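Please open the model in your viewer and keep the sequence panel beside it, since the stops below move from the whole chain to single residues.

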Amino acid sequence: MSLPLRLRIVTPQQVLVDCTDVVAFRGEDASGGFGLLPGHVDYLTVLVPTVLRWRRAGGEQGFCAVHGGVLSLSGGELRVACREGIVGERLERLEAQVREAREARRDSARRARVEHLRLHTQAVRQLVRYLRAEGETPFDPEGEPR
């Protein structure tokens, strides 16, 4: 039997998973679901949004929800690079964590849009105050720029 796989799941900010005793792995790409076992030939694919699942030598299972990424298997090392991921030990809890993260992202985007609108309005008001303070308009009576 082949040696277990080393699994590393990373984002630009952190290492989410680093374990050396993975005996089975499942993921999903554009062609559908796939599985990898120790001894598998080298493999490279682009992941779709999915929940990655693996089983360790002791029988423990692991899960990581990713919004896509790149997976490579080479020399017994299984590497996943993704923008963001949420790791969980239980699938039911992971589902709730993903839902919470999605709501937090939506709320953050909503706050950013409101702040953008506020700053835009403030800039327009500042320009109007500046133009009024000069005592003349930048246009002649016919509406042509001076």
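The tour begins with the overall outline, goes on to the nonpolar core, and ends at a loop.

Begin with the whole chain in a cartoon view, bearing in mind that this is a predicted model. You should find one helix and seven strands, and if you trace them along the sequence the order is β-β-β-β-β-β-β-α, with the helix coming after the strands. Now turn the chain along its principal axes, where its C-alpha atoms fill a box of roughly 90 × 30 × 25 Å. The radius of gyration is 26 Å, whereas a compact globule of 146 residues would have one near 15 Å.

Next, switch to a surface view. The accessible surface comes to about 10200 Å², and carbon and sulfur atoms account for 53% of that area. Of the 146 residues, 26% count as buried. If you colour the side chains by charge, you will be looking at 22 positive and 20 negative ones, and the centres of these two sets lie 4 Å apart. For those who prefer a contact map, 45% of the contacts between residues at least 6 apart in sequence join residues that are at least 24 apart.

Which residues have the most contacts inside the largest nonpolar core? Select L7, I9, F25, L52, W54, L71 and L78, which hold that position in a core of 20 residues. Then add the strands β1 (5-10), β2 (15-29), β3 (32-36), β4 (43-56), β5 (61-74) and β6 (77-81), each of which supplies at least two residues of this core. Among these, β2 gives the most, with five residues.

From the core, centre the view on L52 and display its contacts, leaving aside neighbours within four places in sequence. The residues in contact with L52 are then I9, F25, R26, G27, L47, G62, F63, C64, V66 and V80, and of these, I9 and F25 are also listed with L52 among the core residues with the most contacts.

Finally, move to A57, which you will find in the loop between β4 and β5. Is A57 buried or exposed? Its relative accessibility is 52%, and because the cut-off for exposed is over 50%, A57 counts as exposed. Display its surroundings as well: beyond residues up to four places away in sequence, A57 touches D21 and V23. To close, draw a distance between the C-alpha atoms of A57 and D21, which are 36 residues apart in sequence and 5.5 Å apart in space.

Conventions:
Residues are numbered from 1 along each chain as its sequence is written. This is a predicted model: local features need pLDDT of at least 70, side-chain atom pairs count only at pLDDT 80 or more; totals for chains, interfaces and linings use all residues. Side-chain values use heavy atoms; hydrogens and water are left out. The radius of gyration is taken over C-alpha atoms; the globule rule is 2.2 Å times the number of residues to the power 0.38. Buried means under 20% relative accessible area, exposed over 50%, partly exposed in between (1.4 Å probe, protein chains only). Contact means heavy atoms within 4.5 Å. Accessible areas come from the Shrake-Rupley method with a 1.4 Å probe; for residues, only the protein chains shown count as cover. Lys and Arg count as positive and Asp and Glu as negative; His and the chain ends are not counted. The place of a charge is taken as NZ of Lys, CZ of Arg, CG of Asp or CD of Glu. A nonpolar core is a set of buried Ala, Val, Leu, Ile, Met, Phe, Trp, Tyr and Cys residues joined through side-chain atoms within 4.5 Å.
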